[in-house]
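Hi everyone, thanks for coming. I'd like to walk you through a structure today, so please have a look at the screen.

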Amino acid sequence: MAVIILAALILPAVYKDKIRVDLEKEIDRQIDADVTFSDVRVRLFSHFPNLTLSLTDLLVMGKEEFRTDTLTSVKEARLELKLWSLLTKREVEIKSIQLEDPEIHIYVLKDGRANYNITKPSTDSIQQTQPSSVNIAIDKLSIHHGDIFYTDWKKNIFVSAVDIEHEGGGDFLKNIFDYETNTVIRQFSLTYDKVQYFLKKTVGIDLIMEMNLPENKFTFKENRIQVNHFVFSVEGFFQQVVNEYAMKLKFQAQETAFKNILSLIPGLYMKNFDYMETHGDLGFSGFLDGVYSDSTKEMPAFRFDMNVKNAMVKIDSLPDAFNNINFDLAIENRERILDSTVIDLKNFHVELGKHPVHGKIKIQGLHTPRIAADVFADVEIASLERLFPIKKLALKGKVNCELKANGIYDEKKSVLPAFNLNLQLTDGYIKYDTLPRPISNIHFHLNAGSKDGKLEDMIVDFRKIHAEVDDNILHGFLKLKGYPDTEIDADLDADLDLEDLEKIYPMKDYVMKGKFTLDVLAKGLYSKAKNKFPLVDTKMKLTNGSVQYKKYPYPIKDIQFFAEATSKTNNLADAKFNVSKLTYTLEDQPFEISGSLANLNNYEYSLSINGRADLSKLAQVYPLNGIQLTGIIDAQLKTSGLLNDLETGNYTKVASTGKMSFSNIGVSGPAIKNPIKISTALFTFTPAKVILENMEGSFGKSNVKIHGDISNYMAFATQSKDLIRGDLNLSCDTLDLNEWMPPAQTATGKPVVAEDTIHSKLTVIEVPKNIDFVFDSEIHGLKYEDLEITNMDGEITVKDGVLSLHETGFNSLNAKFSFSGSYNTRDIAHPIFDFDMDVKDLDIHRAYQEIGLMRKLAPSAANTYGKFSVTYKLQGELTKDMQPKLETLTGGGIMRIADAKINGMKMFDEISKSAKKKEINDPHLKDFEMETEIKDGKIIVKPFSIKVSGFDADIEGVNTMGGVINYLVKIELIPLTKIKIPFHVTGRYDNPKVALGKGHTLPY
C-alpha cells in the first residue's frame, strides 16, 4: 500500500513535463491551428493503474480566414495514458478520452473552404526524421454536455446538436472492430435548403457498428435509433471511396404505434404527450442503395414508405377528437437523379368532429414538377388554433376549401398546372391579446383557376370581401382575369379612423390620428400593348392627420392627402393620376407636394415641391437607430412635360425650375463609421441639367469641394436603363480611402477585433453602373493601405461599372508617377484592372516595403538599395480582398537602374561560390536597362547586359509567381578575354541551385 501511495505521489510529478512536451510536439507536428490549454494535471487513481492527463480550458482556433473563429472549446479533456508504455517505451499512449462540456463549431463557406481542415500534410521524409512520441490507441470515448454546430453555406445545411451525452468503445488498434455506442442528443435541429426538418428534437442512438478502417466501410449491426418517440433501425453499410460515398441501407420502424410519428410534428411534442389519447397503426420502411458524389451529382436510389391506418387522436384542449386518420405516403427515386424524385401522397383523410379533410397529392420532379392534386377541407379555425397555438393571437372562423390541379409548374416560364380553387371564409375573427379591439366579421369567397395553366387565362375572383373594426368597415369585391393583359372588375370601399386602427395594430411609441377614406371603382381591360385602360373612378383621402412620437412634444400635424385616379374612355391616353395635395406641418414649418401623371401612352407629368425641412426635428419625430441627423433642406421645385421629350433630349419642351439648398447637414452616430457633413450646397434645376453651384463639406477625414453640372437627370429618374451624367470639378485636401473600406470580418461573418491584422483586408468595391461622371480632380493627399500619395491631379471617369484614370499624375515615395488605367466591376465576381504607368526615380527598397504588388513580383527588392525608373503596362483580375490574382496577370515594360546595391540575394551568393569570386556576392549594379514580360503566371526577363561588381554579364531567364526560377547568367570572369562563363540557376528564389557550363536551355 505504501508503494502505491508513493507511486501516486511521484509518478505524476515525474512524467507531467514529459507528457506535456510530447503532447505539444505532436500537436505542433500534426495540427496547423492555434491550440491552447490553461492547465495540465496528471493523476494516477482516476484510471488506475494508468495515468490520467487533464487539459483544462482546451481551445482550438481556426487558421487563416478562420483565425478568430473557435473550432473547438472543451472545459476539461481527460486522457487516459498507459503507464506501462511510459515506463518501458518512453512514449505516450492514449487509451481513452473523456470530454467535459465540449463545444464544436464547423463552418463550410460558399467556396468550399472549411475550418476543420487543420491537419498538416505529412511526407515520408518528415515522418522518418520526426517519429511520433504519442500513440493513439483509444478504446473508449466519452462526451458529457457537448454541443456541436455545423454550418454549411455551400450546401445550405445547418445542424445543431445541443446537450450531447455519448459513451462509445472499440479497439482502434485493430483494422476491423466493433464500435459500440450509446448517444443521447437532447436538442437536435436540422435545416436544409431553407426547410426546417427537425427543431429541437430528442435523439437517442444505441448501436453496434463494424468499423473497417482500411476500407473506410461502416456496417450497421444491432441498433436502435429514436427521434422523440419514433423508433427505427438500420441495416446495411456506408463506405467512403475517395470523394464518393457508397451505401446500401434499409430502414424499418421498430414500433408501430401511431402516437410515435406524432412526436415528430412541430408543436405536438408536449410534456403531456404520453397522456395524449391515441390509437392506430403506423408503417415505416425505406432504403438507400447506390453512390453519392458531389462532383458528378450522382445519388443513390431511394424509397421511403409511411402509412397510417384507422388512427385517432384526442387532445384534452379540444372538444372533439381527430378521427379516421388514414394516409399512404411514398417518396421514391429510382433514376438516381434528384429531379426525378416522386412524392406520392396516395390518399389522406382526417376528421375533426364533423369537419373532414381528405384528398391526394402527387409531385413528380422538383425543379419543374408535374403536380396532380385533389384536396377538400372543411375546417373550424378555432380548433386548429388550439392544436397549433399562435402566441398572443386568437383566431376564429370557418374555412371551406376545394382544390384540383393537374399539370407542370415552371416558375421561370410562368407556367402553372391547370387548377381550380374554391376557398370560402365566414365569420372570421383575429385578435391580439394585448390589443383592445379585434378584426371581426371577416368574410370572403375566392374562386381562382386556369383551365390550361396559362396566365393569360387565369381568373382570381374575390367576392363579398368584408371586415370590421368597430365602426370602421372594408367591403367590396375584386376580380382579375388574365396576365399581362388583365380584365379588372373592382368595387372596394373603406372608411377608417386611424385612432381605431391603432387599437388592432398599434405602432410602438407613436400616436396616429386622422380620417382615411378609399373608394375604388374599376371595370375593363388593362393592356399596355393594346393601349387599353379600364374605366376608373378612384379616390383616396386623408384629412386632419397627425403623427406624434411619444418622446417628442411636437407632432407632424395638419397632414392632408387627396389623390384620385380616373379614366372615362377605356384608353391609356385618357387615364390620369392626380395628387392634388400632400401637406404637413412640423413646428410651424409647412411642406407641400403636388403632382399628376396623365396620358399613359406618353406620360405627361407635373410635380411641385415647396417647403423647408429641418432634419434634426424630423429625426426627433422619426428617430433612426444609431443615426443622428442635423441641418436644413430648403426646396422650391416645379417640373412638367412629356416623358418622350426627356428620352429624346428635347429639353426645350420641358419646364423645370427651382432650387434646392442644403445647409449644415450632418449625418453621424454609432451606426455611421465616418461622419458626413455638408456645410453648404446649392442645386439649381433647369430642363437640361442640374447646376451644382457649390458644395463644401467633409466625408470622414476628407474635406471636399465640388461644383459642376449634372445632366440627363430626369430621364434617369424615369428610365432605369438611362445613365445620369455629370461633369464636375473635385478638389480635396486628404482623401483617405482606407476609412471607407467595409469593416473586416472573419470567414464566418463575425467582426474582427481592432488588433487583428490577418482579416484587415480590403474588399471589392462595386463601381456604380448607372452613372456617367467625369471629375476634373485635384487631390492634395490620398491614402490607400500603407501608400500615401500627394498632388494627384487628372481626369477621373466613373461610367457603367468602370472607374478610369486618364493621364493622372501624382507624387508618392518621393517619386513622380504618371498613370492611366481602369478598374472594372461590371462582373463583380471577377473585377479586373488595366493600367499603364511611368515612374521616375523610385526608391527600390522603400517601394518593396510599401507596395504589396512589388513584393510579389520582385522579391529580390527586399535587400536592394538604389533608385529605378520604370515604364510598365499591367492587367489582370483581382481577388475578393482586392489583391491581384497572380495567375491572370499579363503585361510588360522596361525598368532602368542607374545605380543599385543588392545584399543577401541567394542567386548571386551561389554564383559567387561556383565562380570562386567573392565580389559577385552582394553585387553593385550600374547603368542597365531590363525588359520583362508577364504571361502564363511567369515573369520573363529578356536578355540584357550588366556590370556585376565590375564583371561584364549577360542575364536572361524566367521565374514563376510562386518563386521557382530558371536563369542563364553569363559572366566574363577574366577581364578583356570576351569569354563569358555560363551559369544555369534553377530551383527556388530562396533556395537556388547553380550548374556551371554550356548545354542548358530556358523554358520559353
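Let me start with a question: which residue forms a salt bridge with Arg303? The partner is Asp305, and the closest N and O atoms of the two are 2.7 Å apart. Both Arg303 and Asp305 are buried. Before I go on, please keep in mind that this is a predicted model.

Staying with charges for a moment, the count of salt bridges comes to 32. I've picked a few of them for you. Asp772 and Arg725 meet through their side chains, at 4.0 Å from N to O. Asp772 sits in strand S37, residues 771–784, while Arg725 belongs to strand S36, so this pair ties together parts that are 47 residues apart in sequence. How do the two ends compare in burial? Asp772 has a relative accessible area of 14%, and because the limit for buried is under 20%, Asp772 counts as buried. Arg725, at 37%, is partly exposed.

Now a salt bridge inside a helix. Lys913 and Asp909 pair through their side chains at 3.8 Å, again N to O. The two are four residues apart in helix H12, which covers residues 906–915, so about one helical turn separates them. Lys913 is exposed, with 53% relative accessibility, whereas Asp909 is partly exposed at 22%.

There is also a network of salt bridges for those of you who like electrostatics: Arg41, Glu76, Arg78 and Glu100 are linked in it. As a general remark, side chains of opposite charge can pair when their charged atoms come close.

Let's turn to another charged residue, Lys947. Where does Lys947 lie? In strand S45, residues 938–948. Lys947 is partly exposed, at 41% relative accessibility. The side chain of Lys947 makes a polar contact with the side chain of Asp952, at 2.7 Å. Leaving out neighbours within four places in sequence, the contacts of Lys947 are His924, Leu925, Lys926 and Asp952. And here is a distance you can check on your own screen: the C-alpha atoms of Lys947 and Asp927 are 8.0 Å apart, with their positions 20 residues apart along the chain.

For a contrast in burial, take Ser546, in strand S26, residues 535–549. Ser546 counts as buried, at 16% relative accessibility. Setting aside neighbours within four places in sequence, Ser546 contacts Val511, Met512, Lys513, Ile556, Lys557 and Ile559.

Next, some strand pairing. Strand S29, residues 589–598, pairs with strand S30, residues 604–614, in the antiparallel sense over eight bridges. Ser596 stands opposite Ser606 in S30. S29 and S30 make a hairpin with five residues between them, and Asn599 in the turn has a positive phi of about 55°. S30 is also joined to strand S31, residues 628–642, by 11 bridges, and this pair runs antiparallel. Here Tyr605 has Gly641 in S31 as its bridge partner.

Further along, strand S34, residues 689–699, and strand S35, residues 702–711, run antiparallel with nine bridges joining them. Leu692 is placed opposite Gly708 in S35. This hairpin has two residues between its strands, and Gly700 takes a positive phi near 65°. S35 then joins strand S36, residues 724–736, through eight bridges, antiparallel once more. In S36, Leu730 is the bridge partner of Ile706. You have met S36 already, as the strand that holds Arg725.

What about cysteines? The count of disulfides is zero. Cys401 is buried, at 18% relative accessible area, and Cys732 is buried too, at 3%.

Finally, the nonpolar cores. How many residues are in the largest one? It has 93, and the members that touch the most other members are Leu842, Phe868, Ile911, Ile920, Ile946, Tyr967 and Ile971. Apart from that core lies another, of 37 residues, including Ile164, Phe251, Val308 and Ala311. In soluble globular proteins, nonpolar side chains tend to be buried together.

That's my tour. Thanks for listening, and I'm happy to take your questions.

Notes
Residues numbered from 1 in each chain as written. Predicted model: local features only at pLDDT ≥ 70, side-chain atom pairs only at ≥ 80, totals over all residues. Heavy atoms only, no water. Core = buried A, V, L, I, M, F, W, Y, C linked by side-chain atoms within 4.5 Å. Buried < 20%, exposed > 50% of the residue type's maximum accessible area, 1.4 Å probe, protein only. Pairing = 2+ DSSP bridges. Disulfide = S-S within 2.5 Å. Contact = heavy atoms within 4.5 Å. Polar contact = N/O pair within 3.5 Å; in protein donor to acceptor, adjacent residues only side chain to side chain.
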